[in-house]
2 protein chains.
Amino acid sequence: MSKLTGNAIFGQSGGPTAVINASAAGVFTEALKQTGHIDKVYGAANGIVGILNENFYDIGQEDPAELELLKTTPSSALGSCRYKLAKAEKDDTDYRRLLEVFRKYNIRYFFYNGGNDSMDTCNKISKFLQKEGYECRVMGVPKTIDNDLYGTDHCPGFASAAKYIATTTMEVYLDARVYDTGMITVIEVMGRHAGWLTASTVLAAHKGHGPDLIYLPEVDFDIQTMLSDVRRIYEKNKKVIIAVSEGVQTKEGLFIPELVGEVSVDAFGHKQLGGTATVLANYLKEQIGCKVRGIELSLMQRCAAHLASKTDVEESFLAGQTAVRCAVDGMTDFMVGFQRPESGPYQCEIKLIPLDEVANTEKKVPRDWINEAGNFVLKPFIDYALPLIQGESLVAIEDGLPRFAELKKVKVINP
Amino acid sequence: MSKLTGNAIFGQSGGPTAVINASAAGVFTEALKQTGHIDKVYGAANGIVGILNENFYDIGQEDPAELELLKTTPSSALGSCRYKLAKAEKDDTDYRRLLEVFRKYNIRYFFYNGGNDSMDTCNKISKFLQKEGYECRVMGVPKTIDNDLYGTDHCPGFASAAKYIATTTMEVYLDARVYDTGMITVIEVMGRHAGWLTASTVLAAHKGHGPDLIYLPEVDFDIQTMLSDVRRIYEKNKKVIIAVSEGVQTKEGLFIPELVGEVSVDAFGHKQLGGTATVLANYLKEQIGCKVRGIELSLMQRCAAHLASKTDVEESFLAGQTAVRCAVDGMTDFMVGFQRPESGPYQCEIKLIPLDEVANTEKKVPRDWINEAGNFVLKPFIDYALPLIQGESLVAIEDGLPRFAELKKVKVINP
């Protein structure tokens, strides 16, 4: 391998997580150590958009203690984007601009943190730079609460969301049964196409404080079947807790809000869902006639750093750190992934996945991890998820509230 | 004082909190120690309803380790109720029945844990028993996330909800500004008539990660004024975070959902609110045209034991413990309240408030703790609330998830 010296840039993309900044901490602290390979370490404001606009921060000027605090600071400290690059064959304007910026700032290391779409972005840029003969090592750092990235056992961000969702479900379970009157609670969980997050509510059930019914997007949803499931449990227990993914749809492809209301579409053509809990709660109230409460876990499920999994924080940091080490070692065009031993206790092992393979492929909850009726999640999921949520992240506390990282964000004026 | 020997009963009433069971732990552990005064310690299933139905648990048969775990278990471990007693002068059926049950089980100590309505219940029962010449010491243990009980500096349950609300607001603040596009976030907080909980979002602002605008029920709400507030901030920052109490109303007495939708009424004649965040979010989206997200903190704000204030847990326990000690010492017809020193550092001092005084009186956020425009909260509130949210409750963790108390709930068959 040839030695490559130059500057490094790191960007965050897509929806944030409770631990995406832990990966940033991993990239930054490792990159700052790699003198001889990496000169300047830049952070791109709002991902690829910041690179296009030459909107960079000089990470070398940050206080190391604040970079350390990134480990327990939720959301994207540098800002994120949902900018979609065109295919270079169709329109290479953005790619030419990126190349120009990379040249101007002598960027030789590009680390990009995101989900499916971001790995696709990352891959397209790398292939373009290669075609143009510009040497730059490109590594993807995975991130998504949705846990739907191909090729990796699990994704940084998932476990913390899962821990939040399971813990909150346990608490809501207790709250929802204080009165001696009938009550149905509908908990809506994020997950457009994959049910990993909603499945996590089974961890609460595993502890005896979980939902009676769990509906994932992996199984066709039928509102009549659900109604009879709910009715059966309600008649027996007078309390029903339902966990439902925002992404469940009928076999005709209709989302729950579409059965009643409207949906809009984002820049990637993804349908913007929401309102599932409310729609279902209203429906069940009408049909069964008891008190029904719809709860949307909303942004909290992806930003609750105070309840992050220590395992997740450490692995997210490791993913960032590994990306830098691999790039310095000469690797490019990989996403850092994880695998676990085939048998024996859980261990997080690093696995590199070619960006080509991961881009735009979605990993779903295996059908045989869901019961036949399609309304509950089985033991293999518990065995899979439980090791990931172990350990409590120690958020720095000041005056009874979290002390989050405060970056100086010194703008890079000239390369 | 005359010595009184007999059995004790404890009941939980009204909406639960993250720490209502910490008061239960205080009552139970202290009552179990008071041999010579208290023989049997009973827990009433679903508050007063359980007493009317002779549905009691024998607390002496519980494992002390599980009683200890009550300190960090949210919701009402015994079950709660919203049962409203008639005035004894109008209809004394329930009172006669209660007297009959008290006699049958030789109940001489009655501890009742709840908010305004529960203190009223407690008071009515005590006065009836006195009139009938049945000696029984009755003590109220305060509880309400709403913090609106008269005569006490603050209420057990409030601080933990405040800590959850402030922490979550900080996390949502960071999440809501990841993209470089405009966004308005509306956070709906509980509180029917008093704004204590919504005011707690200012603690997040105090840490630099809080709302731009805070609307409490203490100030008449005007949607046009709010719109111009929001527009002004949006034009400057492109990000606006609004904290709004579910209980805000116009000077004509209309709640936000009433400006658009329907509301229902509970057994106490309280309007059942909700949907405020959604209604406001839709309105702002229409008016301003940017992305708007409505977030309802829902049940989570009152059941998040994992984020309870250690101060609150300890004080809640103390309230329960004190109620028992005072009753054994001969006192009756008081609610245990708190006060703090006039000056100097915060300290929680016990204060006994006659039930007569506390029942059905509501304490609101002082008008001069709110800015003149009525859209933000001032420093006196921060000075008031900050000491209460100090310390992190150490929830027992098993396998990465909370280990909540599991009571045997051995039913009392014969007195």
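The legends below walk through several close-up views of a predicted model.

In this predicted model, local features need pLDDT of at least 70 and side-chain atom pairs count only at pLDDT 80 or more, while totals for chains, interfaces and linings use all residues. Residues are numbered from 1 along each chain as its sequence is written, chains are lettered from A and ligands numbered from 1 in the order in which they are written, and side-chain values use heavy atoms, with hydrogens and water left out.

**View 1. Chains A and B are related by a two-fold axis.** Chain B is superposed on chain A by a rotation of 180° with 0.0 Å of shift along the axis, at an RMSD of 0.0 Å; the fit is by least squares on the C-alpha atoms of residues with pLDDT of at least 70 in both copies. That is the relation of a two-fold axis. If you would like a landmark, look for B:E296: in chain B, its C-alpha is the one nearest the axis, 3.8 Å from it. Both copies use the same surface, since 100% of the contact residues of chain B recur in chain A; contact means heavy atoms within 4.5 Å.

**View 2. Four strands of chain B make an open, parallel sheet.** Reading across, the order is β7-β8-β6-β11. Helices (H or I, at least four residues) and strands (E, at least two) are DSSP runs, numbered from the N terminus, and two strands pair if DSSP finds at least two bridges between them. At the edges sit β7 (213-215) and β11 (291-296) of chain B, each pairing on one side only. From one strand to the next, the twist averages 15°. Three bridges join β7(B) to β8 (residues 239-245) of chain B in the parallel sense, and B:Y215 stands opposite B:V244 in β8(B).

**View 3. Helices α9 and α11 of chain B pack on this sheet.** Helix α9 (residues 223-237) of chain B touches β6 (183-189), β7 and β8 of chain B, and its direction makes about 150° with that of β8(B). Helix α11 (residues 276-288) of chain B touches β6, β8 and β11 of chain B, at about 160° to the direction of β6(B). For these angles, axes are lines fitted to C-alpha atoms, for helices over the stretch in contact, and values run from 0 to 180 degrees between N-to-C directions.

**View 4. Strands β1 and β2 of chain A run side by side in the parallel sense.** Four bridges connect β1 (residues 6-12) with β2(A). Two positions are handy for orientation: A:I9 has A:Y42 as its bridge partner, and A:A8 stands opposite A:V41. All seven residues of β1(A) are buried, seven of seven, where buried means under 20% relative accessible area, exposed over 50% and partly exposed in between (1.4 Å probe, protein chains only). In β2 (residues 38-44) of chain A, five of the seven residues are buried, so the strand is largely enclosed by the rest of the structure.

**View 5. Aromatic rings meet edge-to-face in both chains.** The structure holds 36 aromatic pairs over all chains. Rings of Phe, Tyr and Trp (its six-membered ring) pair if their centres lie within 6.5 Å; planes under 30 degrees apart count as stacked, over 60 as edge-to-face and the rest as tilted. A:Y215 and A:F221 are 5.5 Å apart centre to centre, with 90° between the planes; A:Y215 is buried at 6% relative accessibility, and A:F221 is buried at 5%. B:Y42 and B:Y105 are 6.1 Å apart centre to centre, again with 90° between the planes. This pair links distant parts of the chain, 63 residues apart: B:Y42 lies in strand β2 (residues 38-44) of chain B, and B:Y105 in the loop between α4 (93-104) and β4 (107-114) of chain B. Both B:Y42 and B:Y105 are buried. In chain A, one aromatic cluster is formed by A:F158, A:W196, A:W369, A:F381 and A:Y384.

**View 6. Cysteines A:C136 and B:C326 have no sulfur partner in bonding range.** Over all chains there are zero disulfides, a disulfide being a pair of cysteine sulfur atoms within 2.5 Å. The sulfur of A:C136 is 9.6 Å from its closest cysteine sulfur, in A:C122, too far for a bond. For B:C326 the closest is that of B:C348, at 13 Å, also too far. A:C136 is buried at 8% relative accessible area, and B:C326 is buried at 10%.
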